[in-house]
Amino acid sequence: MTQENNYTPAPWYTTNSSCSQPTRTTVIDDKGLQVCDCALSIYNEGQAESNANLIANAPELLEALEVMLEEYQDDDNCNTSMLLAMSNATKVIARARGIS
């Protein structure tokens with residue numbers, strides 16, 4: 001089920017961009033190259049850092065979700081709640097991969 005990745009390979013990390021931009025948190029890869037830059041929300045001081053932390057962990061979250069689906073896709077003991085969760089996970093994976 002796991003597909004080839006077109007995004008920057010994990011791991012990703014967060015870092016504060018610079019002293020001149022204290023309201024920004026940057027997500028970088030293991031070579032120090034920028035993946036994205038998260039600016040401070042005018043509504044919440046910690047939001048830029050929280051957004052960057054979520055983004056930085058996205059590749060590993062995607063991989064973990066794909067592994068979970070592979071493990072349970074043929075499990076005949078899944079209840080309705082688990083089947084619904086797996087269906088939602090499949091849709092989220094498709095969106096993350098740009099399929100839908």
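## The main nonpolar core

In this predicted model, the largest nonpolar core is built from seven residues, namely Trp12, Val27, Cys36, Cys38, Ala48, Ala52 and Ala56. Strand 3 (34-39) and helix 1 (47-56) each contribute at least two residues to this core, and the largest share, three residues, is supplied by helix 1.

Ala56 illustrates how a member of this core is connected to other parts of the chain: once its neighbours within four places in sequence are set aside, Ala56 is in contact with Trp12, Tyr13, Thr14 and Val27. Of these partners, Trp12 and Val27 are themselves listed in the core.

## A second core

A second core, separate from the one just described, consists of six residues, among them Leu62, Cys78, Met86 and Ile93. Leu62 also takes part in the contact between helix 2 and helix 3 on the helix 2 side, while Met86 and Ile93 do so on the helix 3 side.

## Overall organisation

The protein chain contains three helices and three strands, and when it is read along the sequence these elements follow the pattern β-β-β-α-α-α. Of the 100 residues in the chain, 22% are buried. The chain exposes about 7200 Å², and carbon and sulfur atoms supply 49% of that area.

Among contacts in the chain with a separation of 6 or more, 35% are accounted for by residues that lie 24 or more positions apart.

## Packing of helix 2 and helix 3

Two packed helices are described by the angle between their axes and the distance between the axes. Helix 2 (residues 58-72) packs with helix 3 (residues 80-96) at an angle of about 135°, and their axes are 10 Å apart. Angles over 145 degrees would count as roughly antiparallel and those from 65 to 115 degrees as roughly perpendicular, and helix 2 and helix 3 are therefore oblique to each other. Their crossing is left-handed.

On the side of helix 2 the contact is made by Leu62, Leu65, Glu66, Met68, Leu69 and Tyr72, and on the side of helix 3 by Met82, Met86, Ala89, Thr90, Ile93 and Ala96. Leu65, which is found in helix 2, is partly exposed, with a relative accessible area of 25%. Apart from its neighbours within four places in sequence, Leu65 is in contact with Ala89 and Ile93. Leu65 and Met86 are 21 residues apart in sequence, and the distance between them, C-alpha to C-alpha, is 9.2 Å.

## Packing of helix 1 and helix 2

Helix 1 and helix 2 pack at an angle of about 45°, with a separation of 5 Å between their axes, and this makes helix 1 oblique to helix 2. Leu54, Ile55 and Ala56 of helix 1 make the contact with Ala58, Pro59, Glu60 and Leu61 of helix 2. Ala56 thus appears in this contact as well as in the largest nonpolar core.

Pro59, placed in helix 2, is buried, with a relative accessible area of 7%. Setting aside its neighbours within four places in sequence, Pro59 is in contact with Tyr7, Ala10 and Trp12. The C-alpha atoms of Pro59 and Ala10 are separated by 6.1 Å, although the two residues are 49 residues apart along the chain.

## The cis peptide bond before strand 1

Ala10, a contact partner of Pro59, is joined to Pro11 by a peptide bond that is cis, with omega near 5°. Pro11 is found in the segment before strand 1 (12-18).

## Partly exposed positions of helix 1

Gln47 and Ser50 both have their place in helix 1. Gln47 counts as partly exposed at 30% relative accessibility, and Ser50 is also partly exposed, with a relative accessible area of 44%; both values fall between the limits of under 20% for buried and over 50% for exposed.

Each of these positions can also be located relative to a residue of lower number. Gln47 and Arg24 are 23 residues apart in sequence and 9.8 Å apart in space, C-alpha to C-alpha. For Ser50 and Thr14, which are 36 residues apart along the chain, the C-alpha atoms are separated by 9.8 Å. Thr14 is also one of the residues in contact with Ala56.

Conventions
Residues numbered from 1 in each chain as written. Predicted model: local features only at pLDDT ≥ 70, side-chain atom pairs only at ≥ 80, totals over all residues. Heavy atoms only, no water. Helix = DSSP H or I, 4+ residues; strand = E, 2+ residues; numbered from the N terminus. Buried < 20%, exposed > 50% of the residue type's maximum accessible area, 1.4 Å probe, protein only. Contact = heavy atoms within 4.5 Å. Areas by Shrake-Rupley, 256 points an atom, 1.4 Å probe, with all protein chains shown as cover. Core = buried A, V, L, I, M, F, W, Y, C linked by side-chain atoms within 4.5 Å. Axes fitted to C-alpha atoms, helices over the stretch in contact; angles between N-to-C directions. Parallel < 35°, antiparallel > 145°, perpendicular 65-115°, else oblique. Left-handed = near helix turned anticlockwise from the far one by under 90°.
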